[in-house]
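Reader: I'm new to looking at protein models, and I'd like to find my way around this one. Could you walk me through how its parts fit together?

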Amino acid sequence: MSHQPQQQSSGQPIAFVSAQALRARMHDAVNDPHLRQSFRGAMDFLMAKRAAQFPDQDELDSLRALSEGIRQYSLSKLPDLLEQLEANLTRNGVKVHWAETPDEANAIMLDIARRHSAKLIVKGKSMVSEEIEFNHAMEAAGVGALESDMGEYIVQLAGEKPSHIIMPAIHQTKQQIAKLFAEKIPGVDYTDNVDALIRIGRNVLRDKFESADIGLSGVNFAVAETGTLCLVENEGNGRMCTTVPKVHIAITGIEKIVEKLEHVAPLYSILTRSATGQAVSTYFNMISGPRKAGDKDGPEEVHLVLLDNGRSQAYADEQLRKTLQCIRCGACMNHCPVYTRIGGHAYGTTYPGPIGKIISPHLMGLEQTHLLATASSLCGACGEVCPVKIPIPELLIRLRGEANSAPHANPAMVGQGAAYDPKISFVWRMWARLYARPATYRAFSWLATRFRALTPRKQSGWTAARTPLQPASRRLRDMVKDRR
Amino acid sequence: MSNPVVSTHAGHQARSYPSRPEAVYFYGTCLVDMFVPEAGMDAITLLEREGIRVIFPDNQTCCGQPAFTSGFPEEARQVIASQLDLFPGDYPIVVPSGSCGGMIRWHWEKVIGDDAALQARAAAIAARTYEFAEFLLHVVGFSRKDEGPATTVTLHTSCSARREMGTHLVGRELLARLGNVTLAHHDHESECCGFGGTFSLKHPDISTAMVTDKVAALKATGASQLVTADCGCMLNITKRAAKEDLDAGRAKPSLPGEHLATFLLRRTGGKPAGDQQ
Amino acid sequence: MSARDRILTKLRAAQPAQPNAMPDLDAHYTPRVRGESKAERLARFRTGIESFHAEVHISSEADWPALLARLCADKQVATMLYGADTPAGQRLDQATFPATTLRPWSGQVEELKADLFHRVDAGFTQTRGAIAETGTLMLWSSEAEPRTLSLVPPIHFALLDADTIQPTFFDVLRTENWAAGLPTNALLISGPSKTADIQQTLAYGAHGPKELVVIVINAEGDAQ
Ligand code: SF4
């Protein structure tokens with residue numbers, strides 16, 4: 001088959017989202033029974049698969065501690081390792097580019113595309129490319145950018161965004177995909193047989209691998225000591241994108257680096273087991289350069305784009321730096337009761353779920369992300385499963401504090417104070433007065449229990465779904481005094 | 001439906017327990033003090049019945065958790081600072097709530113600020129703070145004869161008790177020690193009930209979806225009641241169930257719930273404070 | 001200042017004065033060493049890779065070309081591409097394949113791209129070794145065996161010497177000291193290409209080979 005999909009749009013770019021709009025989105029999502037059901041089912045499946053990969057709690061504990069240690073070690077040497085990586089990649093023949101912003105990154109890649117008069121860029125899975133709206137930037141410049149990961153391909157065909165960082169099309173049922181393929185791919189009839197659907201995707205995309213001018217990929221681990229880019233995947237599209245076209249561009253955040261090659265062994269193991277509950281992925285692809293003299297295939301040029309986009313802001317703070325330990329396994333979202341109920345799109349960010357809540361403020365600023373940190377019961381399920389032990393709840397609390405703080409002249413975070421509300425701050429100040437003064441608290445609690453009949457029957461969000469709270473007639477301290 | 005088992009490890013080291021002390025401090029928590037005093041009272045009665053003197057510091061107010069988790073660390077700090085003098089003796093501190101216990105044990109030292117002396121005091125308090133059920137099992141060695149009729153209950157453990165204090169196994173063990181009580185496990189047992197303090201007020205939609213699922217899972221066990229060692233979750237769950245009853249015109253509560261202390265006391269021949277009223 | 005310098009300057013300003021201690025990988029791996037025999041390693045490798053839908057055949061140094069010929073006939077492989085300048089390739093040069101045309105790779109990929117994508121049914125490669133823990137093959141690309149050989153054709157035949165199976169990936173990196181010199185492309189393969197992107201339903205043959213067939217040369221001659 002050599003049909004062009006009729007449309008290759010990639011969803012709306014992530015525009016500024018107000019807290020109000022975000023709230024409305026979450027409201028709609030949580031009230032969509034279809035979405036609730038499919039996410040619940042998918043997350044249950046992924047949780048059970050992960051649990052089956054870690055039958056030995058001691059091994060898990062030890063591997064998590066090691067993985068955390070490796071990520072923290074790497075971050076503690078981050079600038080050195082970046083320079084080492086650059087030197088070794090350059091020695092291997094890879095061209096290294098640095099970008100502070102999405103625009104810079106896109107400009108670098110567009111420049112490469114123009115140099116090669118590229119018409120089509122075929123893409124392996126890369127969340128960083130989502131983060132910088134790569135597809136839009138290329139299409140705006142007349143260069144086609146086609147997703148080739150099956151899930152990403154489906155999402156792109158539907159004009160949507162990924163709703164999960166590992167399983168982008170997790171929100172779509174096979175019937176929806178069947179309909180989509182029948183509508184968008186010429187010559188394809190409706191079938192909801194999964195094998196048949198995958199065959200259709202395979203056929204469309206094989207032609208593209210063969211003809212594309214450039215392949216784009218993400219990076220799972222960049223190894224400084226050898227100058228190697230490691231990619232984890234099951235489908236083989238990543239290998240296609242990095243092997244068949246004449247030019248391979250890899251893009252990664254500056255944090256995805258390790259010093260030693262042997263450091264990837266534990267990280268790779270815990271990544272696939274945490275992510276999809278696989279003992280190992282089908283492919284682990286380690287790229288150390290372009291086609292050399294004598295080589296018969298492989299790209300003639302390999303580029304690496306190192307993207308900051310707010311990561312250095314997280315790096316600047318010892319606590320927030322832990323955000324950068326992330327290896328993007330998605331386990332935190334699979335185990336998140338909030339993500340399970342609202343799905344990935346409601347977050348309005350490239351990275352949804354708990355990791356999205358802690359990384360997005362650095363990428364997008366707190367103005368449009370501060371509400372995310374509050375959309376958590378702090379249950380701790382994310383922190384419990386995170387393979388690199390990022391204390392996600394602790395970071396959510398910290399971000400709430402940054403958002404609440406009175407605006408600074410020199411904010412350490414973009415959008416610091418974005419949720420600052422003098423009225424709410426006043427309420428908390430009064431609260432602290434009350435509870436930090438035992439005598440005042442005693443008087444207040446005495447009154448509240450004695451005049452409990454006056455408790456309002458409507459208690460904002462609480463009574464929407466619950467009967468009202470009412471103080472008891474006597475406090476514990478009264479009972480304690482009267483006992484015996 | 002599948003019931004994925006999330007790691008049973010609390011992310012923290014298993015702790016070693018002291019021998020049974022002569023006395024304990026009882027830190028009732030602001031929620032118990034004003035909203036569920038009988039649960040606190042029953043916990044105290046259980047301890048006293050075991051011959052342990054219970055000291056209730058009158059200046060106790062709140063562990064600071066509401067402000068801390070809402071992102072008002074300075075306000076939390078002020079409240080915590082006011083609580084550091086409450087426990088002058090070297091007795092254990094017993095807290096009938098996993099989340100408040102977790103706040104004291106894991107966060108006071110960090111929230112209290114840079115003053116090393118204050119940090120040391122907070123750390124010393126943290127080291128001898130125990131969640132009530134944990135204390136009852138591991139320190140008191142609770143084993144009283146179950147005098148109640150055969151019954152089936154279901155247990156909800158708060159997320160902080162489970163993940164910060166590692167006490168969900170404790171609740172199970174205490175119930176198992178009652179000879180006549182069967183514990184019915186519920187679907188997605190390790191999942192949050194959706195309370196999360198101000199989360200339930202700030203995101204009522206999501207919180208409601210969570211508590212509604214939790215109530216359904218608990219009811220689906222067919223257990224006669226809910227037992228929990230955390231009053232925040234208890235209020236969230238039972239008041240949601242009560243609302244469902246109200247909306248459906250049911251007079252009899254479809255999911256009655258009580259604190260583990262109250263349940264244990266009643267089963268072992270004691271008189272819960274709530275029953276006396 | 002360039003973007004590079006600006007980024008590095010920001011990071012340097014925040015970098016801890018002392019880096020963390022080097023992580024101790026041995027503390028994790030050493031106590032978990034299994035001390036298993038070659039046969040146990042082979043069995044574990046086999047169970048692993050079969051669970052990922054690969055086919056495994058045990059053969060011997062003498063017999064494997066005949067076995068491969070039979071498998072090619074069974075699978076109706078009309079054309080199989082292989083790398084000629086390898087020990088295994090030299091065996092194939094000599095072998096007779098009744099149902100299959102054997103085609104040695106020659107020239108640059110550009111010259112045979114169309115055939116590779118449309119007319120070759122199978123690719124044959126040697127392997128550098130395997131990993132017992134996960135059921136994983138290791139391939140290093142070379143002038144004789146380019147990367148696309150194990151990627152583009154619908155069937156990938158891989159020849160593995162049972163003596164080269166190691167317990168874990170970590171063991172491989174350590175004992176073979178990969179860090180001292182990697183090829184352009186080093187690859188771990190655990191099964192045929194697959195995806196679960198549609199409703200978590202597993203489907204094989206996503207973009208890479210639909211079938212992975214492993215022929216193990218087992219010197220101890222355990223011909224199962
Ligand atoms: S934060 Fe942890 S659990 Fe979440 S994606 Fe990153 S590594 Fe995985």
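**How the chains meet**

Author: Sure, let's start with one contact. Chain C and chain A bury about 7,400 Å² between them, and carbon and sulfur atoms give 58% of that. Keep in mind that this is a predicted model.

Reader: Which three residues of chain C lose the most area to chain A?

Author: The side of chain C that faces chain A has 75 residues in contact with 99 residues of chain A. Three of the residues in chain C together make up 11% of what that side buries, and they are D197(C), I198(C) and H207(C).

Reader: Which element gives the largest share of the side of chain C that touches chain A?

Author: Helices and strands both take part here: among the elements giving two or more residues are α2 (25-29), α6 (109-118) and β9 (185-189) of chain C. The largest share is nine residues, and it comes from α1(C).

Reader: How many salt bridges are there between chain C and chain A?

Author: Here's a pair to look for: the side chains of R4(C) and E86(A) meet in a salt bridge, with N to O at 2.7 Å. That fits the rule, because the cut-off is 4 Å between a side-chain nitrogen of Lys or Arg and a carboxyl oxygen of Asp or Glu. Between chain C and chain A, the count of salt bridges is 10.

Reader: Which strand of chain A is joined to β9(C)?

Author: Find F284(A) and look across: L188(C) in β9(C) stands opposite. The two strands run antiparallel and are joined by five bridges, and the one from chain A is β9 (residues 283-287).

Reader: What is the order of the strands in the open sheet?

Author: Inside chain C, β9(C) also pairs with β6 (residues 136-140), antiparallel and over four bridges. One pair there is L137(C) with I189(C). Put into an open sheet of eight strands with mixed pairing, the order is β8(A)-β5(A)-β6(A)-β9(A)-β9(C)-β6(C)-β5(C)-β8(C).

Reader: Which strands stand at the edges?

Author: An edge strand has a single partner, so one side of it is left without a neighbour in the sheet. Those edges are held by β8 (257-258) of chain A and β8 (165-166) of chain C.

Reader: Now for chain B. What is the area buried between chain B and chain A?

Author: In this contact, 72 residues of chain B touch 69 residues of chain A. Carbon and sulfur atoms give 63% of the buried area, which is about 6,200 Å².

Reader: Which three residues supply more of the area that chain B buries against chain A than any other three?

Author: Their part comes to 11% of the area that chain B buries against chain A. The residues to pick out are D33(B), M34(B) and F72(B).

Reader: How many residue pairs are in polar contact between chain B and chain A?

Author: Salt bridges turn up across this interface too, 10 of them by the rule. One of them links the side chains of E191(B) and R40(A), at 2.6 Å from N to O. As for polar contacts between chain B and chain A, the number of residue pairs is 31.

Reader: And the ligand: how many nonpolar residues are in the shell around it?

Author: The residues around the ligand include C326(A), I327(A), R328(A), C386(A) and P387(A). By class, the shell has one charged residue and one polar residue, and its nonpolar residues number 10.

Note on methods. Residues are numbered from 1 along each chain as its sequence is written. Chains are lettered from A and ligands numbered from 1 in the order in which they are written. This is a predicted model: local features need pLDDT of at least 70, side-chain atom pairs count only at pLDDT 80 or more; totals for chains, interfaces and linings use all residues. Side-chain values use heavy atoms; hydrogens and water are left out. Contact means heavy atoms within 4.5 Å. Buried area is the accessible area (1.4 Å probe) that two parts lose on being put together, summed over both. A polar contact is a pair of N or O atoms within 3.5 Å; within protein, one must be able to donate a hydrogen and the other to accept it, and residues adjacent in sequence count only if both atoms are side-chain atoms. A residue is near a molecule or strand if one of its heavy atoms lies within 4 Å of it. Ala, Val, Leu, Ile, Met, Phe, Trp, Tyr, Cys and Pro count as nonpolar, Asp, Glu, Lys and Arg as charged, and the others, Gly among them, as polar. Two strands pair if DSSP finds at least two bridges between them.
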